[in-house]
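Open your viewer, load the model and keep the selection tool at hand. We will go from stop to stop, and at each one you will hear what to select and what is there.

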Amino acid sequence: MKKVISLSLTLFVSLCIISCGGSDSDPVGDGISDPTEVANLMNSALQLPPGTFTVDPNQVEIDDSITITSNNNATIPIAGGQSMTNNISFNAPNGNVNAVGMRFGTSGPIYFVPINTQGSTSGTGSFDFAMLATICNDLSKICHDIKCYEFASTSGGQISRANIRDVAMMCGNCDEPSCQGLVDPSDCGLSGQDGSPRFNLTWNGNSDLDLYVTDPTGTTISFTNTTSSSGGSLDVDCTGSCSGGNSENITWPNGGPSGTYTVWVNNYSGGTTSFNIVVRDNGNNVTNFSGSVGSGQDSTKWTYNKN
């Protein structure tokens, strides 16, 4: 299920919390914990829409007539590999906003996504973004305390002053002390925002996969994240009551009812593709299923029973 941020942030998807101006205490395990380094890695791991451009804030003027507003003061959890939507609300008396953007940390270029405001003096610019799934590989498995800075840019090349949001790039577990009190327990692991079970599907190679999901109870299933780091893509077909777009993650709202859920994985591009399915329920790993699937109509079935 895609989370919506207002990095005005209404939040975009497992996790590590990053606050750009803070410091971490008692890091757990090896990995980077310095707030500046963490923010730099997050910026490097950002995946943004085509047409995104960067601006050096030290080389442009500030337009103080523009204000960026927040609709939510809660800390926003961000997960590696999860697609999210950033909604940045603005007021611009001169009707000159043509892009909205973001950056983690206090320095470095700002990433702007063009928007068409048609000269509006107020509105909301929205764009999808994601963090590379591997982001937590280099980070200490804690909840770092960092911030996200949001901006608007103008047709004349100026930028607004920043709106600052607390965000969570979650690499720590629910039992990690640094995470407690910063995020909702249902966000501490790869579960849905509401604590629902999620199947996380990964695969190797460049072959496309086709995922079939059977949900005997008719619960709505949603999907996020459609590409692999290797360049493969995931197509989704639903044989039950499914909605939403394509994804490698399958989430049932409201925790999901009891019952048996069946996942079919097919490979239509040729060759053999391996995959791994992980089920997490309320932040805890329930079970794992690994396998491979051949070309054409070959398929493999995996069943998960939720009590």
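The tour begins with the whole chain and then moves to individual residues.

**Before you start**

This is a predicted model, in which local features need pLDDT of at least 70 and side-chain atom pairs count only at pLDDT 80 or more, while totals for chains, interfaces and linings use all residues. Residues are numbered from 1 along each chain as its sequence is written, and side-chain values use heavy atoms, with hydrogens and water left out.

**Stop 1: the whole chain**

Show the cartoon: the chain has one helix and 21 strands. Both kinds of element are DSSP runs numbered from the N terminus, helices being H or I with at least four residues and strands E with at least two. Now switch on the surface. About 12,800 Å² is exposed, and carbon and sulfur atoms supply 43% of it; such areas come from the Shrake-Rupley method with a 1.4 Å probe, and for residues only the protein chains shown count as cover. Of the 307 residues, 50% are buried (buried is under 20% relative accessible area, exposed over 50%, partly exposed in between, with a 1.4 Å probe and protein chains only).

**Stop 2: helix 1**

Select residues 35-45, which form helix 1, and colour its buried residues: Pro 35, Val 38, Ala 39, Met 42, Asn 43 and Ala 45. Why do they lie on the same side of helix 1? They cover an arc of only 165° around the axis, the arc being that of the directions from the helix axis to the C-beta atoms. As background, an α-helix has 3.6 residues a turn, so residues three or four places apart point the same way.

Next, add Asp 34, which caps the N-terminal end of helix 1 with a side-chain oxygen 3.2 Å from the backbone nitrogen of Thr 36.

**Stop 3: the aromatic pairs**

How many aromatic pairs does a search of the whole structure find? There are two; rings of Phe, Tyr and Trp (its six-membered ring) pair if their centres lie within 6.5 Å, with planes under 30 degrees apart counted as stacked, over 60 as edge-to-face and the rest as tilted. Select Phe 53 and Phe 112: their ring centres are 5.7 Å apart and their planes at 25°, so this pair is stacked. It links distant parts of the chain, with Phe 53 in strand 4 (residues 53-55) and Phe 112 in strand 9 (residues 110-114), 59 residues apart. Phe 53 is partly exposed at 32% relative accessible area, whereas Phe 112 is buried at 0%.

Then pick Phe 127 and Phe 129, a tilted pair at 6.4 Å centre to centre with 55° between the planes. Both Phe 127 and Phe 129 are buried.

**Stop 4: strand 10 and its partners**

Strands pair if DSSP finds at least two bridges between them. Select strand 7 (residues 83-91) together with strand 10: they run antiparallel, joined by nine bridges. Here Met 84 stands opposite Phe 129. Strand 3 (residues 46-47) also pairs with strand 10 (residues 122-131), antiparallel over two bridges, and Leu 46 has Met 131 as its bridge partner.

**Stop 5: a loop residue**

Finish at Gln 118, in the loop between strand 9 and strand 10. Is Gln 118 buried or exposed? Gln 118 counts as exposed, at 70% relative accessibility. Check its backbone too: phi is positive, about 55°, although Gln 118 is not a glycine. Most residues other than glycine have a negative phi.

Methods
Polar contact = N/O pair within 3.5 Å; in protein donor to acceptor, adjacent residues only side chain to side chain.
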